[in-house]
Amino acid sequence: MSNVTVADHDEILHLTYGKYVLGFVGSVILTLGAYLLATHGTSSKTVLAVFLAVFAIAQFVVQMVLFLHVTEERGTHWRLIVMSMMLLVVIILVFGSLWIMNNLNYRMMRSPKLMQQYLKSQSVL
Amino acid sequence: MSETAQMIEQRREHEAAEKTVFGFWVYLMTDCVLFAGLFAVFSVLRHNTYGGPNGHQLFDLPYTLGETFALLTSSFTCGLAMLAAQRRSKRAVLFWLGVTFLLGLTFLGMELNEFHGLIRAGDSWRRSGFLSSFFVLVGTHGLHITFGLLWMAVLGVYTWKKGLTDSIRKRLTLLSLFWHFLDVIWIFIFTIVYLYGSLNV
């Protein structure tokens, strides 16, 4: 029974002070960066929006790794599998909704008369 | 032999605790999907102001930044409570849990104050599609925070009464995951609702 070892695995998660400090400082910098970009940024709105998204995703990764311990050595792949599934559903749900609704808006932005013509032209009947 | 049996028993308990934490992780990820639905609704209805005010006119960014830092700092102090639990210091756990609780309460108070101001000005969820989706998304997050605070208060009393037993430390781990998770959701609320709202994109 020499293969049974307990002492090393007493904790459920292996936490260190450095990880939390790093996570906190990183999150503060990314939050302030995003805030200053939104309030004082001078580029076009689209460019700013892309940069803000990048900042948010960077902070997401920082907090997932350093606060939520996704990459802890034990059981990492299971947590990553579940998280990937979540990300897939989130992306399909959010971007799918935006895509469909924008497309609908685009197609509905016509006068009623034009809309009738358009519907007739699209009809397969 | 009895020592070995004890070790096996400890090992078994530890593996059960790991499974519990993983199960909680699965719950958190499904909760993300709930928020994704609300984010999708908000993103679609963002511009549907029905002649009412948009985010650019309504949101006070410095105030929201204050909210963000209150929650972010509480996420950090929650981590410090976990470190204290790891070195079995009950006093430090209670202290950091108390700080986390107060910061969480500050965040919730600021959010409710913001909601109150909006409603008093006539910009409640009944004003437009944009505001309906705003209140549902941010309100659902606030509701999670409320339950997190209740949980934290109860667990604080348990820790104080029973000390840092294995079971209590397991529950503290779950609470800390929940609390960090709520801060992760807030990153996206801050960016998509407030910062994008102020840019008017």
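**View 1. The contact between chain A and chain B in the predicted model.** The contact draws 51 residues from chain A and 55 residues from chain B, and the two chains bury about 4,900 Å² between them, with 78% of that area on carbon and sulfur atoms. On the chain A side, the residues that lose the most area to chain B are A:Ile12, A:Tyr35 and A:Leu68, which together account for 14% of what that side buries.

**View 2. Polar and charged pairing across the interface of chain A and chain B.** The rule finds zero salt bridges across this interface, whereas five residue pairs, both members at pLDDT 80 or more, are found in polar contact.

**View 3. The side of chain A that touches chain B, by element and by class.** Helix H1 (17-40), helix H2 (45-66) and helix H3 (76-108) of chain A are the elements that give two or more residues to this side. Sorted by class, the side of chain A that touches chain B comprises 35 nonpolar, 11 polar and five charged residues.

**View 4. The surroundings of B:His144 in chain B.** B:His144 lies in helix H5 of chain B, which spans residues 129-162. B:His144 counts as buried because its relative accessibility is 12%, and the cut-off for that class is under 20%. When residues up to four places away in sequence are not counted, B:His144 touches B:Tyr27, B:Asp31, B:Leu34 and B:Phe35, as well as B:Phe178 and B:Leu182.

Notes:
Residues numbered from 1 in each chain as written. Chains lettered and ligands numbered in written order. Predicted model: local features only at pLDDT ≥ 70, side-chain atom pairs only at ≥ 80, totals over all residues. Heavy atoms only, no water. Contact = heavy atoms within 4.5 Å. Buried area = accessible area lost by both parts, 1.4 Å probe. Salt bridge = Lys/Arg side-chain N within 4 Å of Asp/Glu carboxyl O. Polar contact = N/O pair within 3.5 Å; in protein donor to acceptor, adjacent residues only side chain to side chain. Helix = DSSP H or I, 4+ residues; strand = E, 2+ residues; numbered from the N terminus. Nonpolar A, V, L, I, M, F, W, Y, C, P; charged D, E, K, R; others polar. Buried < 20%, exposed > 50% of the residue type's maximum accessible area, 1.4 Å probe, protein only.
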